[in-house]
Amino acid sequence: MKVDQFFAFRNRGDETKPFLSHLEDLRFTIVKIAIALVLAMVACFLFRNELAAIVQRPLIAVDPHRAANLQSLGVADSFTISLELSFYGGLVLSFPFLVFFLAEFVLPALSRKEKAMLFPASLLGAGLFLSGAAFCYFVVLPQTLEFFFKDAQSMNWQPTWTVREYYSFTTQFVISFGLAFELPLVVLLLVKLDIVDYNLLKRTRTFAVVIIFILAAVITPTSDILTLLLMGGPMYFLYEICIGIAWLMQDRSQIKKSDSSDLS
């Protein structure tokens with residue numbers, strides 16, 4: 001198979017493809033996604049020591065001796081946890097290719113307006129995910145680890161964490177924040193597709209606050225109020241930014257008409 005065929009977009013034209021042809025295109029897309037993900041996982045596995053050091057850095061910031069005291073209780077922990085880290089690292093590394101292959105499959109079925117939104121939305125989604133993950137890694141995660149570390153000590157317990165528990169907690173925590181930061185993209189797409197507008201977002205602000213903090217409580221792997229506020233606060237701030245962007249995108253005459261009806 002040639003490289004240009006591997007990366008070529010399907011051309012719909014005026015031809016209606018049969019159902020089996022769509023299934024074949026979907027199968028080929030899944031194969032390409034799997035290949036990209038596996039290659040990225042292999043690359044991450046080759047640098048598993050460096051990847052493990054990156055995940056341990058927030059714990060070292062809390063207590064320099066804690067990383068060395070992580071306990072490995074399983075015989076194959078060094079291998080299985082490395083595979084888990086490689087999967088998450090490979091997912092982030094191959095994300096641009098995954099978006100491209102999905103776009104290759106979906107693009108021919110979209111309208112002209114939807115096609116124009118696809119690539120900007122993909123770039124914005126990747127940026128929001130990385131921003132949320134970075135915010136969690138550098139700001140929220142160290143404070144959360146320190147909170148649980150000191151909370152255990154306050155009860156006269158000696159915090160002894162296992163390698164599997166620590167790596168599972170940190171990876172889920174960081175990815176949860178990355179997914180939570182996708183909320184503005186969802187709102188903006190709904191506004192762009194004329195499903196919701198500025199007036200609706202403004203009227204339902206109170207309900208949005210409740211929904212945001214419920215989502216934050218569901219997404220976060222912990223139940224402490226500090227983590228809930230650290231996730232829900234930025235999500236609500238981003239929601240307010242979406243309201244401002246929706247105001248810029250909407251026709252001024254509709255906004256004035258709605259505001260006058262609210263006053264009356």
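Phe-149 counts as buried, at 9% relative accessibility, where buried means under 20% relative accessible area, exposed means over 50% and partly exposed lies in between, computed with a 1.4 Å probe on protein chains only. The model behind this value is predicted, so local features need pLDDT of at least 70 and side-chain atom pairs count only at pLDDT 80 or more, while totals for chains, interfaces and linings use all residues. Residues are numbered from 1 along each chain as its sequence is written, and side-chain values use heavy atoms, with hydrogens and water left out.

The protein chain has 12 helices and zero strands, with helices (H or I, at least four residues) and strands (E, at least two) taken as DSSP runs and numbered from the N terminus. Of the 264 residues in the protein chain, 37% are buried. Among contacts between residues at least 6 apart in sequence, 83% join residues at least 24 apart, a contact being heavy atoms within 4.5 Å.

The aromatic residues offer a way into the fold. There are 11 aromatic pairs in the structure; rings of Phe, Tyr and Trp (its six-membered ring) pair if their centres lie within 6.5 Å, and planes under 30 degrees apart count as stacked, over 60 as edge-to-face and the rest as tilted. One of these pairs joins Phe-87 and Tyr-88 edge-to-face, at 5.5 Å centre to centre and with 65° between the planes. Phe-87 is partly exposed, with a relative accessible area of 34%, and Tyr-88 is likewise partly exposed, with a value of 22%. Phe-149 and Trp-161 form another edge-to-face pair, 6.2 Å centre to centre and with 80° between the planes. That pair links distant parts of the chain, since Phe-149 belongs to helix H6 and Trp-161 to the loop between H6 and H7, 12 residues apart. Ring pairs also link Phe-135, Phe-147, Phe-148, Phe-169, Phe-173, Phe-177 and Phe-181 into a cluster.

Trp-161 appears again in the surroundings of Tyr-166, which, leaving aside neighbours within four places in sequence, is in contact with Val-55, Gln-56, Pro-58, Leu-59, Leu-70, Leu-145 and Trp-161. Tyr-166, together with Tyr-167 and Leu-201, touches the most other members of the largest nonpolar core, which has 43 residues; such a core is a set of buried Ala, Val, Leu, Ile, Met, Phe, Trp, Tyr and Cys residues joined through side-chain atoms within 4.5 Å. Among the elements giving two or more residues to this core are H3, H4, H6 and H7, while H11 gives the most, with nine residues.

The largest pocket holds about 510 Å³ of space. A pocket is an open set of points on a 1 Å grid over the protein atoms alone, where a 1.4 Å probe fits, with protein on both sides within 12 Å along at least five of seven lines, and lining residues have an atom within 4 Å of a point. Of its 18 lining residues, Leu-51, Ile-54, Val-55, Val-92 and Val-174 are the closest to the centre. Helices H3 (48–62), H4 (77–93), H6 (112–154) and H7 (163–180) each give two or more residues to the lining, and H6 provides the largest share, six residues. The lining divides into 15 nonpolar, three polar and no charged residues.

Finally, Gly-74 is found in the loop between H3 and H4 and is partly exposed, with a relative accessible area of 27%. The C-alpha atoms of Gly-74 and Val-163 are separated by 9.3 Å, although these residues are 89 apart along the chain.

Technical notes. Grid points are joined across faces, edges and corners, and a volume is the space filled by probe spheres set on the points. Ala, Val, Leu, Ile, Met, Phe, Trp, Tyr, Cys and Pro count as nonpolar, Asp, Glu, Lys and Arg as charged, and the others, Gly among them, as polar.
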